[in-house]
Amino acid sequence: MEGTKSILKTIPLLKTKAGPRDVDLWPQRLKEEYQSLIQSVKNNKDNDNDWFRLESNKEGTKWFGKCWVFQNQLKYEFDIEFDIPVTYPTTAPEIVLPELDGKTAKMYRGGKICLSDHFKPLWARNVPKFGISHALALGLGPWLAVEIPELIVRGVVKYKEKDDDK
Amino acid sequence: MSLEDVENIKKHIEHFKKTLMELTETQSPKESVEHKIREMSAEVVDSNPYSRLMALQRMGIVKNYEDIRKFTVVIVGVGGVGSVTAEMLTRCGIGKLILFDYDKVELANMNRLFYQPAQAGLSKVTAASMTLTRINPDVKIETYNTNITLTTQFEEFLRVLQTGGISGNRVDLVLSCVDNYEARMTINTACNELALEWFESGVSENAVCGHIQYIVPGESACFACAPPLVVASEIDEKTLKKDGVCAASLPTTMGVVAGLLVQNTLKKLLHFGTISWYLGYNALADFFPSMMIKPNPNCTDSFCLKRQEEFKNRVIEEPVCKNEELPEDKVIHKDNEWGISLADDSIVVNQSIVTDKSTVADNSTAVLLDNSSELNNTIELVSTSITKNVSKNTSIKNEEEYLSLNDGLEFAYSSADKTATNEETLVKDTDLTVDDLRAQMALL
């Protein structure tokens, strides 16, 4: 958890409280989201801990990308997707890993990751300063670190060759 | 034939089964177009489905039971609590029910009430509508298999709330039977915008606590006014095993919560009894804490502030005392052969509450003390209700008093950190456009 704290310090916080329904302010919020995400990826690279890429649709309401975990020198990659909820940023986005749907109990229907009891209170205390980059660093990151090794051990997640042609 | 083939055939059969069920379901609404809504008769005969409900009127509990036909209730989430809620209202002969849920029935839901194993795979709203129509064809049922938290579907949700009523009017009440904070906050946003009254309901993830909360925008705290109020479960978080599971559930707790929810819905719609603002249920102690939370003048939802303003003006304009004591109907019996008289039981009630308090207090206080430093900004908005069994101060001015927040209740977490953020840690202003940034991100 100490690691998460130090990572968190380097991710820029956001300023604008606006969701996709705030037509005027949402573009500004979206800019801040991207700025924070870009810095976050740069930090990860600098720390030799590059672990996700993300992009959005034009409106910034749908996000998709990839995240990956290394285990025994093998790279396990997963698709990420999520929508920005109507009540964002009061409520955090619900991150979905579609490939893992139904493979672990630490997930809600549809492949939504089941976040720790600490995540939501932490998010709530930091509205509107936390953004997507924080949801990834504090939500998805720790989830992957705990769940993926276990899923690999259980044989539920299998290593796939890089070029995924059958 | 390989094992794979067998699996495929099995899948096909499942698929056909579902299609067949959905087809049979879509036929019933067509029939119901021709179906005349039965008269709500008070006649006491075995063949009258409404006789026992209309008896409420004869007994003087409800003034005009038939009014229930005029009302439209929206149920968001037809899972463990929502489906039972829908069934109860259907059996009560509600005018119209509108159901929202994006989920499917799963075998893992079978520890709850209402759904049946054969319905697994159907959308919850479809399965619910099938069963409910069979139970009481007089009730109009409208379903939406959508997720209201998505921007695209939220607009539809707003439209339905405004025009979904029986005669194209706004709906009368919204019942939140969802299982997550995001959906609750979405309903809150919609109801604040439309000034619609709603009930929030919930069951804790450990399945042994539940609550209902009546929210009148502007008059009582909205869902964004304070962190969610929850029932203290007396379970130490540290000893709660969360390995490999997200949530537990019990049909009992869900049934109790659905019962409390519909009871208060009926009281609200048909104007009888007193509606609970917040009513908690602690299954381990059989304890029902209750209280009222006032709206937060610093609520982050701008529509909540607008409704608060409207409510203040309304109170000034029409200073009617809502809680006026109604003259009690004196029942005079012709004879009293056995000398039966009613005993005043108010003292007994108080005593039992005191005992309950002592068992619950320890734990809840400990939890609250933990967060006490961060609670300052919510103190002002909390006040206890003036109910018979809870006698607390109505204005809470300091932390100590705040800690005496009705026993057995606590906030799910401390509220937002309002301290100014160090400029250094914020994103810097930029002249780049969103597209520039998106391109930059793609190059990483």
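**Close-up 1. Crossing of helices α2(A) and α4(A) in the predicted model.** Helix α2 (residues 26–46) of chain A and helix α4 (residues 132–153) of chain A have axes that come within 8 Å and cross at roughly 40°. Because angles under 35 degrees count as roughly parallel, this crossing makes α2(A) oblique to α4(A).

**Close-up 2. Residues at the contact of α2(A) with α4(A).** From α2(A), the residues E33(A), S36(A), L37(A) and S40(A) meet I132(A), S133(A), H134(A) and L136(A), which belong to α4(A). Sorted by class, the contact comprises 3 nonpolar, 4 polar and 1 charged residues.

**Close-up 3. Strand β5(B) and its parallel partner β4(B).** Strand β5 (residues 198–203) of chain B has 5 of its 6 residues buried, and is therefore largely enclosed by the rest of the structure. Strand β4 (residues 173–176) of chain B runs parallel to β5(B) and is joined to it by 3 bridges, with F199(B) in β5(B) serving as the bridge partner of L175(B). Between these strands the chain passes from β4(B) through helix α6 (residues 181–194) of chain B to β5(B), in a β-α-β crossover that is right-handed.

**Close-up 4. The hairpin of β5(B) and β6(B).** Strand β6 (residues 209–215) of chain B pairs with β5(B) in the antiparallel sense over 6 bridges, and F199(B) has Y214(B) as its bridge partner in β6(B). The two strands form a hairpin with 5 residues between them, and in the turn A207(B) has a positive phi of about 70°.

Definitions and conventions. Residues are numbered from 1 along each chain as its sequence is written. Chains are lettered from A and ligands numbered from 1 in the order in which they are written. This is a predicted model: local features need pLDDT of at least 70, side-chain atom pairs count only at pLDDT 80 or more; totals for chains, interfaces and linings use all residues. Side-chain values use heavy atoms; hydrogens and water are left out. Axes are lines fitted to C-alpha atoms, for helices over the stretch in contact, and angles run from 0 to 180 degrees between N-to-C directions. Helices (H or I, at least four residues) and strands (E, at least two) are DSSP runs, numbered from the N terminus. Angles under 35 degrees count as roughly parallel, over 145 as roughly antiparallel, 65 to 115 as roughly perpendicular and the rest as oblique. Contact means heavy atoms within 4.5 Å. Ala, Val, Leu, Ile, Met, Phe, Trp, Tyr, Cys and Pro count as nonpolar, Asp, Glu, Lys and Arg as charged, and the others, Gly among them, as polar. Buried means under 20% relative accessible area, exposed over 50%, partly exposed in between (1.4 Å probe, protein chains only). Two strands pair if DSSP finds at least two bridges between them. A crossover is right-handed if, with the strands pointing away from the viewer, the path from the first strand over the helix to the second runs clockwise.
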